[in-house]
Amino acid sequence: MTMTANERLGLAPTDPRPADETRPLVDRAETNPLFGDQKMKLGLFGTNCSYGLIMSHAPSTYKITWEHTREIAQRADGLGFDVLVPVARWKGFGGSTNFNGNCFETYAWAAGLAEATERIAIASTSHLPTVHPIVAAKAATTIDHISGGRFALNLVMGWVPPEMEMFGGEQRQHDERYAFGQEWIDYAIRLWTEPGSFDVASKYFQGNDVEAYPKPHQGPRPALLNAGNSPAGIEFSARNVDINFASLDTLENIKAYTAKVKAKARDDYQRDIKVMTYGLVVCRDTEEEAKRAFQQVVDEGDWGAAGNVIKIAGSGASQSFDHAVKEMQERFIAGWGGYPIVGTPEQVTEELGALNEAGMEGMIFGLIDYNEELKYFGDNVMPLLKQAGLRH
Ligand SMILES: Cc1cc2nc3c(=O)[nH]c(=O)nc-3n(C[C@H](O)[C@H](O)[C@H](O)COP(=O)(O)O)c2cc1C
């Protein structure tokens, strides 16, 4: 049997660790708003990427500079939002906007915002095939310490082939991506939770005398998120994560979906899981104004970028579904395919209440102009959400 480097060099085993390096973890319910008691959690999605959730030239002051993304984060934090979830993107989607092409890397982005905010949970979104678990677990732990236990990790498998090909090699087949993801997260969880050192010998990973210190600030580990909605994705979520993000269209579908995912986690893995959704929120004083603003996003949409997304997602191959494709393109242009909420503060409150009733415990959303519209949301929607008992 080959000797490990530790053995060759005559180094002492690293187990057990001195007590000060294995200090008690803080219960994450005390530090991370994702485990807090707000009935309907609120988050912002995509504030690290150009054009956020809209593939459109509709007017907005939104831009990708550090100062601007930080201002949005601090405003959301001040309003009591629960989480910021970034998009992990390595290449734009072309079209006239090169949608999402300017994109801050999400571990570094989260570290900066962890220092700049007080209360809100900050997520990184990580394409698991692009980063080794040792590096990712250490980065996550570091951000968790910077934020005092407010970190969350959104685990994504990498569905965009041109991006994955930037890293060399071929993109794995769909379900194999989740098999790889399972080994990845098993490895990361060991790094966050196991004292001493251990060996890893699995299909995708090998490692001798692996160790990781310090451990995260929040215990038992940072919050984990995943947005898989396929059978393999739901299985992965039910087995591993705290929150699944669903991409759904109707309240009936949402009800059935949330019940299914929760039952799977409970029955197959004896775990509880939350389900949340995402989309674009367009809120104005009158319904007409809100609809007009939404329509402007569509009218000034980047149909090229939306077409590229749909082509990549494998749905745009047939010319005979022109109508459905146009509708899909509209949904992608205005909210990345998510659940649109368009209306007055009262209507937005009602819709969020209906989503909550259907089993959604939160929504992360985009705004046409994040920074400006957050002020309006804080003044006009937050008080109604409190009155409705959805927030306190
Ligand atoms: C809220 C949300 C956030 C997502 N974030 C990213 C992302 O940042 N980068 C990415 O490549 N895919 C992202 N995705 C796509 C998912 O990772 C996943 O590929 C997609 O939901 C399809 O998974 P499935 O085939 O298991 O249903 C996101 C999806 C949702 C719903």
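**Group meeting talk: a ligand, its pocket and some backbone oddities**

Hi everyone, let me start in strand E7, because that is where you will find Asp-209. The model we are looking at is a predicted one. In it, phi of Asp-209 comes out near 45 degrees, which is a positive value in a residue that is not glycine. For background, most residues other than glycine have a negative phi, and most peptide bonds are trans.

That second point brings me to the peptide bonds. Which residues does a cis peptide bond join here? One such bond links Tyr-213 to Pro-214, with omega at about 0 degrees. You can find Pro-214 in the loop between strand E7 (206-210) and strand E8 (218-219). Another cis peptide bond connects Gly-219 with Pro-220, and there omega is about 5 degrees. Pro-220 belongs to the loop between E8 and strand E9 (223-226).

Now, on to the ligand. Where does the ligand sit? It is in the largest pocket. The ligand is surrounded by 18 residues, and the closest are Ala-88, His-127, His-174, Tyr-178 and Ser-230. If you sort this shell by class, you get nine nonpolar, eight polar and one charged residues. Looking for the shell in your viewer, try strand E4 (121-127), strand E5 (151-156) and helix H7 (174-193), since each supplies at least two of its residues.

Let me show you some polar contacts. Tyr-178 has a polar side-chain atom 2.4 Å from an oxygen atom of the ligand. From Ala-88 the partner is a polar backbone atom, and an oxygen atom of the ligand is 2.7 Å from it. Trp-159 places a polar side-chain atom 3.2 Å from a nitrogen atom of the ligand. And how much of the ligand does the protein bury? Taken alone, the ligand exposes 620 Å², and the protein buries 84% of that.

Let's step back to the pocket itself. Rolling a probe the size of a water molecule over the atoms shows where empty space is left. The largest pocket has a volume of about 1200 Å³. Its lining is made of 34 residues, and those nearest its centre are Trp-159, Ala-227, Asn-229, Ser-247 and Tyr-278. Elements giving two or more residues to this lining are E4, E5, H7 and helix H12 (322-333). So Trp-159 turns up twice in my talk: it has the polar side-chain atom 3.2 Å from a ligand nitrogen, and it is among the residues nearest the pocket centre. By class, the pocket lining holds 19 nonpolar, eleven polar and four charged residues.

Last stop: the cavity. How many cavities of 30 Å³ or more does the structure hold? There is one. The largest cavity contains about 40 Å³ of space. Its lining residues are Val-281, Val-282, Cys-283, Arg-284, Leu-367, Glu-373, Tyr-376 and Phe-377. Strand E11 (274-283) and helix H14 (370-380) each supply at least two residues of that lining. In terms of class, the cavity lining has six nonpolar, no polar and two charged residues.

That's my tour, and I'm happy to go back to any part of it. Thanks for listening!

Notes
Residues are numbered from 1 along each chain as its sequence is written. This is a predicted model: local features need pLDDT of at least 70, side-chain atom pairs count only at pLDDT 80 or more; totals for chains, interfaces and linings use all residues. Side-chain values use heavy atoms; hydrogens and water are left out. A residue is near a molecule or strand if one of its heavy atoms lies within 4 Å of it. A polar contact is a pair of N or O atoms within 3.5 Å; within protein, one must be able to donate a hydrogen and the other to accept it, and residues adjacent in sequence count only if both atoms are side-chain atoms. Accessible areas come from the Shrake-Rupley method with a 1.4 Å probe; for residues, only the protein chains shown count as cover. On a 1 Å grid over the protein atoms alone, a cavity is a set of points where a 1.4 Å probe fits but cannot get out, and a pocket is an open set with protein on both sides within 12 Å along at least five of seven lines; lining residues have an atom within 4 Å of a point. A molecule sits in a cavity or pocket if more than half of its atoms lie within 2 Å of its grid points. Helices (H or I, at least four residues) and strands (E, at least two) are DSSP runs, numbered from the N terminus. Ala, Val, Leu, Ile, Met, Phe, Trp, Tyr, Cys and Pro count as nonpolar, Asp, Glu, Lys and Arg as charged, and the others, Gly among them, as polar. Grid points are joined across faces, edges and corners, and a volume is the space filled by probe spheres set on the points.
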